[in-house]
Amino acid sequence: RGRRCFSSEREVKDEKETPEPPQTFGEKLVVFGLALRGMALLPRFAPAAQVLRFAGVGPMAVGAAVSLYELGGWRLLLAVPGSVGLGVSASMLTEKKLEEQLKESVQARLSEAGVPAELMQQLPDAKVANFETNRCKLEAVYRRDGFTWQLEVRAERKSFPLKWEVTQIQVKKGCCAPSGQSLPPQTRHWDPQQEVLQWSTVFSEPALANSE
C-alpha cells in the first residue's frame, strides 16, 4: 500500500510539474485578430469600429495559415485549399446536374401542351435563380410574329443535394395592347415608348401545395 501511495503521489507531482506547451506564433496572430474585432464592440472604440473589424481579419487569416503550417508543414497548408476547391467543384457539378434534371422534367410535362418548339429550345439555356432557400425559378421568353411567349417554372426541394420538384408551371402568350387601353407600368426605369402586352394563360399547372 505504501508503494502504491508513493507512486500515485509521484504521478500527481509529475503532472503538476509538466509545463504547458508554449503558444505558437499562429495562435498569437489569431488571438490578436480576435482582440481587434472584439475591440470594435466596445463603445469607446465606436468611431473606429469598422476599421477594427477589417483590421482583425488579416491577422486571423494569416494566423490560421501559420498554424496549419506549424501542424503539418506545406503539405497540410496546401491540402486544405485543395480540399475546399474540390468540394466546391463537386457541389457545382451536382447542382448543374440537378438543374438539367429539372429542365428535362419541365420539357416532359410540356411535350403535349401546345407550346411552340422555339420556346422549348430556350429552356436549356434558361438560368435557374434561387429566390429563397431551396426554392428556385426559371424563365424562358420567345418572340414570334408579334407575339411573346413566356415560360415560368417554380420548383423546390427539402435540401441539397436532393432533386428539384416542380411545383408550378405557367406558359403565357402576350400581344401588344391597343393604344389607350392600358398604361405602361410606373417603374423606376419607366419608358413611355415601351409597348404594353396583354397576357393570356396558355398552360398552367398549380403548385402542389394548393392542389393537395
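**Exercise 1. Locate V141 in this predicted model and decide whether V141 is buried, partly exposed or exposed.**

Solution. Begin with the secondary structure: V141 belongs to strand β2. Next, take the relative accessibility of V141, which is 36%. Because a residue counts as buried under 20% and as exposed over 50%, with partly exposed in between, V141 is partly exposed. Then look at the surroundings, leaving aside the neighbours within four places in sequence: V141 is in contact with L119, Q122, T148, W149 and Q150. Finally, compare sequence and space for one further residue: V141 and M120 are 21 residues apart in sequence, and their C-alpha atoms are 9.4 Å apart.

**Exercise 2. Describe the place of L138 and its surroundings, and compare its burial with that of D125.**

Solution. The first step is to place both residues: L138 lies in strand β2, which covers residues 135-144, while D125 lies in the loop between α4 (117-121) and β1. The second step is to read the accessible areas. L138 has a relative accessible area of 1% and is therefore buried, whereas D125, with a relative accessible area of 69%, is exposed. The third step is to relate the two residues: they are 13 residues apart along the chain, and their C-alpha atoms are separated by 10.0 Å. The last step is to list what touches L138 when neighbours within four places in sequence are set aside; the contacts are L102, K103, L123, A126, K127, V128, L151, E152 and V153.

**Exercise 3. Work out what surrounds the side chain of R157, and state whether R157 is buried or exposed.**

Solution. Start with the position: R157 is found in the loop that runs between β3 (147-156) and β4 (165-176). The relative accessible area of R157 is 12%, so this residue is buried. Now turn to the side chain, where a polar contact of 3.0 Å links R157 with the side chain of E95. In addition, the charged end of R157 sits over the ring of W164, at 4.0 Å from the ring centre. Both partners appear again in the wider list of contacts, which leaves aside neighbours within four places in sequence and consists of E95, L98, N134, L162, K163 and W164. For a second case of a charge over a ring, look at R154, whose charged end sits over the ring of F131, 5.1 Å from its centre.

**Exercise 4. Find what is unusual in the backbone at N134 and at the bond between F160 and P161.**

Solution. The general background comes first: most residues other than glycine have a negative phi, and most peptide bonds are trans. With this in mind, examine N134, whose phi is near 60 degrees, a positive value in a residue that is not glycine. N134 is placed in the loop between β1 (128-132) and β2, and, at 19% relative accessibility, N134 counts as buried. Then examine the peptide bond that joins F160 and P161: this bond is cis, with omega at about 10 degrees. P161 is located in the loop between β3 and β4.

**Exercise 5. Say where L41 lies and how far its C-alpha atom is from that of R53.**

Solution. L41 is placed in the loop between α2 (25-39) and α3 (49-109). Its relative accessibility is 68%, and L41 therefore counts as exposed. Counting along the sequence, L41 and R53 are 12 residues apart, while in space their C-alpha atoms are 9.1 Å apart.

**Exercise 6. Summarise the whole chain, and decide where the model calls for caution.**

Solution. Take the architecture first: the chain has 5 helices and 5 strands, which follow one another in the pattern α-α-α-α-β-β-β-β-β-α. Of its 212 residues, 24% count as buried, and the chain exposes about 15,800 Å², of which carbon and sulfur atoms supply 56%. Among the contacts between residues at least 6 apart in sequence, 48% join residues at least 24 apart. Now consider confidence: the average pLDDT of the chain is 75, and 69% of the residues score at least 70. Confidence is highest in β3, at 90, and lowest in helix α5 (residues 208-211), at a mean of 40. Over residues 207-212 the pLDDT is below 50, and this stretch has 4 contacts in the model beyond near neighbours in sequence. Where pLDDT is low, the predicted coordinates should not be read in detail.

Technical notes. Residues are numbered from 1 along each chain as its sequence is written. This is a predicted model: local features need pLDDT of at least 70, side-chain atom pairs count only at pLDDT 80 or more; totals for chains, interfaces and linings use all residues. Side-chain values use heavy atoms; hydrogens and water are left out. Helices (H or I, at least four residues) and strands (E, at least two) are DSSP runs, numbered from the N terminus. Buried means under 20% relative accessible area, exposed over 50%, partly exposed in between (1.4 Å probe, protein chains only). A polar contact is a pair of N or O atoms within 3.5 Å; within protein, one must be able to donate a hydrogen and the other to accept it, and residues adjacent in sequence count only if both atoms are side-chain atoms. Contact means heavy atoms within 4.5 Å. pLDDT is the predictor's confidence in each residue, from 0 to 100. Accessible areas come from the Shrake-Rupley method with a 1.4 Å probe; for residues, only the protein chains shown count as cover. A charge sits over a ring if NZ of Lys or CZ of Arg is within 6 Å of the ring centre and within 35 degrees of the ring normal.
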